[in-house]
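I opened the notebook to record what I looked up, entry by entry, with the model on the screen beside me.

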2 protein chains.
Amino acid sequence: MTTNLTQLKQDFTEGLSQISRFWGFPKGMGAIFAVLYISPSPLSLDEIVQQTGLTKGAVSTEVRALARLGLVHRSSRLADRKDYYEAETDFYKSIRAILKERQNSEFDSAVRSVRETLEKLESGSVSGEEAEKQFILERVRALQDFFDALDSLTRAVSKLDSLGFSTVTKVLSILK
Amino acid sequence: MTTNLTQLKQDFTEGLSQISRFWGFPKGMGAIFAVLYISPSPLSLDEIVQQTGLTKGAVSTEVRALARLGLVHRSSRLADRKDYYEAETDFYKSIRAILKERQNSEFDSAVRSVRETLEKLESGSVSGEEAEKQFILERVRALQDFFDALDSLTRAVSKLDSLGFSTVTKVLSILK
DNA sequence: TAGAATGTTTAGTAACTACTAAACGAAGTA
DNA sequence: TACTTCGTTTAGTAGTTACTAAACATTCTA
């Protein structure tokens with residue numbers, strides 16, 4: 001039983017769309033990345049439109065978002081007014097960019113607010129019943145430790161390149 | 001300048017709400033977890049309602065979701081018809097549960113579809129131009145390797161307990 | 001058995017998101 | 001200058017989500 005190559009591409013695109021949505025990105029983003037990723041040459045905006053079935057407007061905005069994440073690169077050719085887009089193939093590089101992007105986001109400000117809670121409790125500048133304050137202090141501190149651990153993990157991972165990454169995962173999987 | 005303890009609790013709850021939303025969960029979920037987490041004793045549904053400002057219905061459904069993720073535990077007391085809820089304090093345990101939950105999700109089926117694409121290409125059962133097939137094969141294989149690396153990383157992390165986790169992150173951060 | 005206490009389910013809603021269609025802008029070309 | 005060609009922006013929409021309010025189910029108690 002043989003499969004049509006065009007069909008195969010569509011299946012792949014569909015798969016990446018779902019994955020994209022699962023990771024909290026629009027599914028159109030996944031589709032655009034997919035067609036760029038399996039294209040041997042950079043594609044123009046209209047070619048992406050044609051291959052994804054999205055409209056120009058959608059592709060225009062989402063391709064920019066992808067570029068901000070470092071997942072695609074925009075280029076232009078001399079004496080050609082079109083822009084061309086191609087996929088980044090070094091995913092580890094992209095991870096770095098994504099994590100960096102998220103650092104300035106409201107997420108970090110939320111994490112910071114937990115840290116502030118902790119600091120207020122530690123500095124003794126909170127009025128209230130002593131036993132309860134002590135209890136909350138310990139809990140919040142444990143949570144903060146957890147966040148710190150997660151943070152240093154992602155920092156470490158984001159600093160690894162393809163080679164180092166796979167080495168570490170192998171080591172970790174041996175750890176059982 | 002001293003802070004009111006009640007105010008502090010509210011700030012903490014607000015912070016966790018935002019973090020929850022950032023991670024793709026309802027913000028109410030974060031609020032519920034927060035009030036349970038800093039409560040010295042298990043709370044009844046109505047107490048959660050009162051402390052979060054959510055309605056009974058919302059708390060009822062979301063507390064169940066939290067329990068499914070292993071982030072809260074439901075208990076009941078003899079000769080008391082109320083249910084009581086308390087927060088799980090071992091986050092690493094919860095991570096395990098969350099990752100496990102996600103494994104059966106549609107995410108995995110999407111990842112599987114990428115693997116199928118790869119397998120079809122490798123088995124030679126795809127019709128089409130040879131050079132293009134070869135190109136796509138290499139690209140999809142690289143993507144699959146990346147997914148595998150991510151997968152083994154999360155598997156490894158999910159197997160660690162609090163102690164092992166922090167050890168690994170320390171090692172990783174020394175790696176530069 | 002009626003009534004109260006507790007938790008669940010359901011119907012509806014407000015806000016958000018990812019899009020489409022189409023107007024618009026900018027910049028080359030006849 | 002008018003006419004394309006390409007990309008962006010905007011207004012509107014269908015679908016989703018996280019909730020509220022209220023009906024409902026269950027189980028204990030008087």
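The entries below go through the DNA strands and then through two helix pairs.

**Entry 1: the model**

I note before anything else that this is a predicted model, and I read every distance and angle below as a value computed from it.

**Entry 2: DNA strand C**

I began by asking which residues come nearest to DNA strand C. Among the 19 residues around this strand, the nearest are A:Glu62 from one chain and B:Lys56, B:Ser60, B:Arg81 and B:Asp83 from the other. I then sorted the residues of this surface by class and found nine charged, six polar and four nonpolar.

Next I looked up which helices contribute to the surface near DNA strand C, and at least two residues each come from helix 2 (27-37) and helix 4 (56-68) of chain A and from helix 4 (56-68) of chain B. Helix 4 of chain B gives the most, namely five residues.

On the DNA side, I took the atoms of strand C within 4 Å of the protein and saw that 67% belong to sugar or phosphate, while the rest belong to bases. The individual polar contacts that I wrote down touch both parts of the strand. The side chain of B:Lys56 places an N or O atom 2.8 Å from a base nitrogen of DNA strand C. For B:Arg64, a side-chain N or O atom is 3.3 Å from a phosphate oxygen of DNA strand C, and for A:Thr55 a polar side-chain atom lies 3.0 Å from a phosphate oxygen of that strand.

**Entry 3: DNA strand D**

I repeated the search for DNA strand D, which has 19 residues around it, with A:Lys56, A:Ser60, A:Arg81, A:Asp83 and B:Glu62 coming nearest. The surface near DNA strand D holds four nonpolar, six polar and nine charged residues, and 67% of the strand D atoms within 4 Å of the protein are sugar or phosphate atoms, the rest being base atoms.

Which helix supplies the largest share of the surface near DNA strand D? I found that helix 4 of chain A does, with five residues, and that helix 2 and helix 4 of chain B each supply at least two residues as well.

For the contacts with DNA strand D, I recorded a polar side-chain atom of A:Lys56 at 2.7 Å from a base nitrogen. A:Asp83 uses a backbone N or O atom, which lies 2.7 Å from a phosphate oxygen of DNA strand D, whereas B:Thr55 brings a polar side-chain atom to 3.0 Å from a phosphate oxygen of DNA strand D.

**Entry 4: helix 2 and helix 3 of chain B**

I turned to the packing within chain B, where the axes of helix 2 (residues 27-37) and helix 3 (residues 45-52) come within 10 Å and cross at roughly 110 degrees, so the two helices are roughly perpendicular to each other. Their contact involves B:Ala31, B:Ile32, B:Val35 and B:Leu36 of helix 2 and B:Ile48, B:Gln51 and B:Thr52 of helix 3. By class, I count five nonpolar residues, two polar and no charged ones in this contact.

**Entry 5: helix 3 and helix 4 of chain A**

In chain A, I found that the axes of helix 3 (residues 45-52) and helix 4 come within 9 Å and cross at roughly 115 degrees, and the crossing is right-handed. From helix 3, A:Leu45, A:Asp46, A:Ile48, A:Val49 and A:Thr52 meet A:Lys56, A:Val59, A:Ser60 and A:Val63 of helix 4. This contact divides into five nonpolar, two polar and two charged residues.

Methods:
Residues numbered from 1 in each chain as written. Chains lettered and ligands numbered in written order. Predicted model: local features only at pLDDT ≥ 70, side-chain atom pairs only at ≥ 80, totals over all residues. Heavy atoms only, no water. Near = heavy atom within 4 Å. Polar contact = N/O pair within 3.5 Å; in protein donor to acceptor, adjacent residues only side chain to side chain. Helix = DSSP H or I, 4+ residues; strand = E, 2+ residues; numbered from the N terminus. Nonpolar A, V, L, I, M, F, W, Y, C, P; charged D, E, K, R; others polar. Axes fitted to C-alpha atoms, helices over the stretch in contact; angles between N-to-C directions. Parallel < 35°, antiparallel > 145°, perpendicular 65-115°, else oblique. Contact = heavy atoms within 4.5 Å. Left-handed = near helix turned anticlockwise from the far one by under 90°.
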